[in-house]
Amino acid sequence: MRMGVVGLRQGLHMADWARRIGIDVVAGCDVDPATAQRAATRMPALTLVEHWRELLHLNLDAVLLTNDFDAHAPLAMTFLEHGVHVLSETAACTTAQEGADLLATAQAAQATYSFAENYVLHPHVRLLRALAHQGTLGEIDLIEADYLHAMAPQAVHDLIGDPGHWRGRIPPTAYCTHSLSPILAITQAMPVQVTAFPVHTSSPRQACVMAVRLSTGALALTRNGFLQGEPDSHWSRLSVHGTRAAAESGRSPGERAWSVRVRHQGWTRADGRIHEAEHSAPPVLVDGVPVPRGQEGTVLVLQGLRATVEEGTPPPVGVREAVAASLVGVAGARSLREGSVPIPVPLP
């Protein structure tokens, strides 16, 4: 399997893992010549091209898109139309029309679209998905997910204060798929409506909270951005309230941050006693060696791409789920602009 990479910062990190699981990373490009050169130094066999369109002529099976956050959909549609399988990072789309066009293109293409949403496959999310799908939690009433960075104020300003960088031009709701995609995977639901709130009116770009009504009738709450309380589990924490049990990922340091605690009240059990249990996911192995917990999602996403390309298995996160999660951020931005009013999610 031959793969190209667009964007050689995060893309180079993922390319290293791709090579370790047997994907042949053969070509890449980046708008920054210095970044491209660093990639060439680390991967001397990599064919560098100046523009991503040149990758269309290199007989690739797949392409990994890790370019600017808000510029993925046009590239994804072009590669799909040329029969190249796509693994695209967040966001899948930035407008409702772009989402509809991407979905239509992917459905008509011979190649497949995979969303590189590694948070769906983090250890604690895998555990919560299994518990939910097994019925252990009952029907889900309320689900909450955090994607938080506890950075110093000046570091936050440096990151989101530059309007020339994509982090400075996207709305504060946009980077929401690390919280929304796990929610959709756990609940097996689609987002219907979103109401977004700035955490603090004096710094509305710093963080936001979104209340999302799901197609099952459940309510989802997401907290995204720069707030104190960053968990050790790769900036991600979830809690679920079901009709038969509650479950949450740990706030403990280190390995236990990836665990999930489940609590059943006495009325749900034959012995009538409250019961709590802590669960841990088995490690992901590459060549018999455990993958660091924070990288398990990335490895599983790449293994999913390889299985999709070589065996025709469905992607871990497909185009419909990718578009749905991304459009929550689009609708959330409109909610913020209009004073935190409820906005329908414009699903195609």
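**Exercise 1. Work out the strand order of the nine-stranded open sheet and find what packs on it.**

*Solution.* Step 1: reading across this open sheet, the nine strands come in the order S14-S13-S12-S11-S7-S10-S9-S8-S17, and the pairing is mixed. Helices (H or I, at least four residues) and strands (E, at least two) are DSSP runs, numbered from the N terminus, and two strands pair if DSSP finds at least two bridges between them. A word on the source: this is a predicted model, in which local features need pLDDT of at least 70 and side-chain atom pairs count only at pLDDT 80 or more, while totals for chains, interfaces and linings use all residues. Residues are numbered from 1 along each chain as its sequence is written, and side-chain values use heavy atoms, with hydrogens and water left out.

Step 2: look at the edges. S14 and strand S17 (343-344) are the edge strands, each pairing on one side only.

Step 3: pick one pair inside the sheet. Strand S8 (residues 191-198) and strand S9 (residues 207-214) are antiparallel partners over seven bridges, and Pro191 stands opposite Leu214 in S9.

Step 4: add the helices. H5 packs on the sheet, touching strand S7 (140-148), strand S11 (236-242), strand S12 (246-249), S13 and S14, and its direction makes about 15° with that of S11. Helix H8 (residues 177-187) lies across S7, S8, S9, strand S10 (219-225) and S11, running at about 155° to S7. Contact here means heavy atoms within 4.5 Å; axes are lines fitted to C-alpha atoms, for helices over the stretch in contact, and angles run from 0 to 180 degrees between N-to-C directions.

**Exercise 2. Find which residues of helix H5 are buried, and what follows the helix.**

*Solution.* Step 1: set the cut-offs. Buried means under 20% relative accessible area, exposed over 50%, and partly exposed in between (1.4 Å probe, protein chains only).

Step 2: apply them. Helix H5 (residues 123-133) is mostly covered, with eight of its 11 residues buried: Pro123, His124, Val125, Arg126, Leu127, Leu128, Leu131 and Ala132.

Step 3: move past the end of the helix. Just after H5, Gly135 has a positive phi of about 85°.

**Exercise 3. Trace the salt bridges of Arg126, Arg169 and Arg263 to their partners.**

*Solution.* Step 1: define the search. A salt bridge is a side-chain nitrogen of Lys or Arg within 4 Å of a carboxyl oxygen of Asp or Glu, and the structure holds 19 of them.

Step 2: start from H5. Arg126 meets Glu296 in a salt bridge (3.1 Å, N to O). This pair links distant parts of the chain, 170 residues apart: Glu296 is in helix H9 (residues 296-311) and Arg126 in helix H5. Both Glu296 and Arg126 are buried.

Step 3: turn to Arg169, whose salt bridge with Asp68 has its closest N and O atoms 3.2 Å apart. Arg169 lies in helix H7 (residues 166-169) and Asp68 in the loop between strand S4 (62-65) and helix H3 (73-81), so the pair ties together parts 101 residues apart in sequence. Arg169 counts as partly exposed at 39% relative accessibility, and Asp68 is partly exposed at 33%.

Step 4: finish with Arg263, which bridges to Glu276 with the closest N and O atoms 2.5 Å apart. Because Arg263 lies in strand S13 (residues 260-264) and Glu276 in strand S14 (residues 275-279), the pair ties together parts 13 residues apart in sequence. A network of salt bridges links Arg237, Glu248, Arg261, Arg263 and Glu276.

**Exercise 4. Place strand S4 between its partners and say where its side chains point.**

*Solution.* Step 1: find the partners. Strand S1 (residues 2-6) runs parallel to S4 and is joined to S4 by four bridges, with Leu64 as the bridge partner of Val5. S4 also pairs in the parallel sense with strand S5 (residues 85-88), over four bridges, and there Ser88 is the bridge partner of Leu65.

Step 2: sort the side chains. In a regular strand they alternate between the two faces of the sheet. Ala62 and Leu64 point one way from S4, Val63 and Leu65 the other way, and all are buried.

**Exercise 5. Identify the residues that touch the most other members of the largest nonpolar core.**

*Solution.* Step 1: a nonpolar core is a set of buried Ala, Val, Leu, Ile, Met, Phe, Trp, Tyr and Cys residues joined through side-chain atoms within 4.5 Å. Among the 101 residues of the largest one, Met3, Leu55, Phe79, Leu102, Tyr113, Met210 and Leu214 touch the most other members. Helix H10 (residues 319-337) gives the most to this core, with eight residues.

Step 2: zoom in on Phe79. Leaving aside neighbours within four places in sequence, Phe79 is in contact with Trp52, Leu55, Leu56, Val63, Leu65, Val84 and Val86.
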